[in-house]
Amino acid sequence: MSSIDLFQNPLRRWGKDGKRRPTVLVKELRERDRRRMVKHFIGLEDSDRLLRFGTVLPDEQVENYVNRIAFSRDMVFGVYNRMFKLVAVGHLAFAPRDESKSAITEKDRVAEFGVSVSRSARGLGIGSKLFERAAIHCRNNDVDTLYMHCLSSNKTMMHIAKKAGMEIHRDYGEADAYLKLLPANPASMLQEALDEQFATLDYTLKANKRIAAKWFDRLTGRK
Ligand SMILES: CC(C)(COP(=O)(O)OP(=O)(O)OC[C@H]1O[C@@H](n2cnc3c(N)ncnc32)[C@H](O)[C@@H]1OP(=O)(O)O)[C@@H](O)C(=O)NCCC(=O)NCCS
């Protein structure tokens, strides 16, 4: 299994076309974001729901999935666009290590990552950035293996996994990918704290801008 330091070898900020991509600010999501999460997942087309959940999850089950997320145990990350719309969600689910994972890690917990980006926001590095953030969070919380399960036909996700140095096992059209992580260090701690602070600032600005726009519309009778 390969092991990389995401700081020595960061997922790059340039696309294949050589153009620089905009900075992506990844924010931890909480209870108050559940409604927006449901909206994001329901906005995914059937083919994307299949890739994300392994089945074309109906709206009702999407809602159940979001309502069942335990924020006290798992981490959920999101990216808001300029219009304060949630355009991407990454769910890092933690579980106690079981027999099947004992060959992969000696740590008490394992982490599994699932991600989706709205079509309008793809190709900007958001999926990669969410993955990078999940990996840093694992590192800083004594989890040394990041696991991902997806269809092996999912070329974009396979590309992101390979780019991050994941070891991939393919079986009957499905793929299990593992990334071995280095232990936490002061730089990884600082990086995660700074990422979250910048994203929180950005979130607050966008939220206030939206409130101000709503007030303006009401005052001028536009709505
Ligand atoms: C997979 C997904 C999260 C990627 O999100 P994204 O924000 O577009 O990803 P990024 O922009 O960070 O990176 C996409 C990379 O894949 C590459 N890519 C895009 N289509 C590709 C294809 N058909 N084959 C190979 N690589 C491809 C891009 O060029 C880019 O590579 P680069 O960063 O080296 O330039 C998004 O497509 C999605 O939500 N898909 C549906 C749900 C899903 O598949 N989830 C994963 C299973 S858990």
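This is a short dialogue on how to read some features of a predicted model.

User: What kind of model is this, and how are its residues numbered?

Analyst: It's a predicted model, where local features need pLDDT of at least 70 and side-chain atom pairs count only at pLDDT 80 or more, while totals for chains, interfaces and linings use all residues. Residues are numbered from 1 along each chain as its sequence is written, and side-chain values use heavy atoms, with hydrogens and water left out.

User: Which strands does S8 pair with?

Analyst: First the general idea: helices (H or I, at least four residues) and strands (E, at least two) are DSSP runs, numbered from the N terminus. Two strands pair if DSSP finds at least two bridges between them. Here, strand S6 (residues 145–151) runs antiparallel to S8, with seven bridges joining them; Met148 has Ala177 of S8 as its bridge partner. Strand S7 (residues 167–171) is also antiparallel to S8, through five bridges, and Arg170 is partnered with Ala175 of S8.

User: What links S7 and S8?

Analyst: They form a hairpin with two residues between them, and Tyr172 in that turn has a positive phi of about 45 degrees.

User: Is S8 mostly covered or exposed?

Analyst: Buried means under 20% relative accessible area, exposed over 50%, and partly exposed in between (1.4 Å probe, protein chains only). Strand S8 (residues 174–181) is mostly covered, with six of its eight residues buried.

User: And where does Ala193 fit in?

Analyst: Ala193 sits in helix H6 (residues 186–219). With a relative accessible area of 39%, Ala193 is partly exposed. From Lys162, Ala193 is 31 residues away in sequence and 26 Å away in space, C-alpha to C-alpha.

User: What does UniProt place at residues 24–185?

Analyst: UniProt positions use the numbering used here, feature names are shortened, and annotations may be inferred rather than shown by experiment. The unreviewed UniProt entry puts "domain: N-acetyltransferase" there. That span is 31% helix and 30% strand, and its end C-alpha atoms lie 23 Å apart.

User: Which residues come nearest to the ligand?

Analyst: A residue counts as near if one of its heavy atoms lies within 4 Å. Of the 24 residues around the ligand, the nearest are Val117, Ser128, Asn154, His159 and Lys163.

User: How do I read the polar contacts there?

Analyst: A polar contact is a pair of N or O atoms within 3.5 Å. A polar backbone atom of Val117 is 2.7 Å from a ligand oxygen atom. For Ser128, a polar side-chain atom lies 2.6 Å from an oxygen atom of the ligand.

Terms used. Polar contact = N/O pair within 3.5 Å; in protein donor to acceptor, adjacent residues only side chain to side chain.
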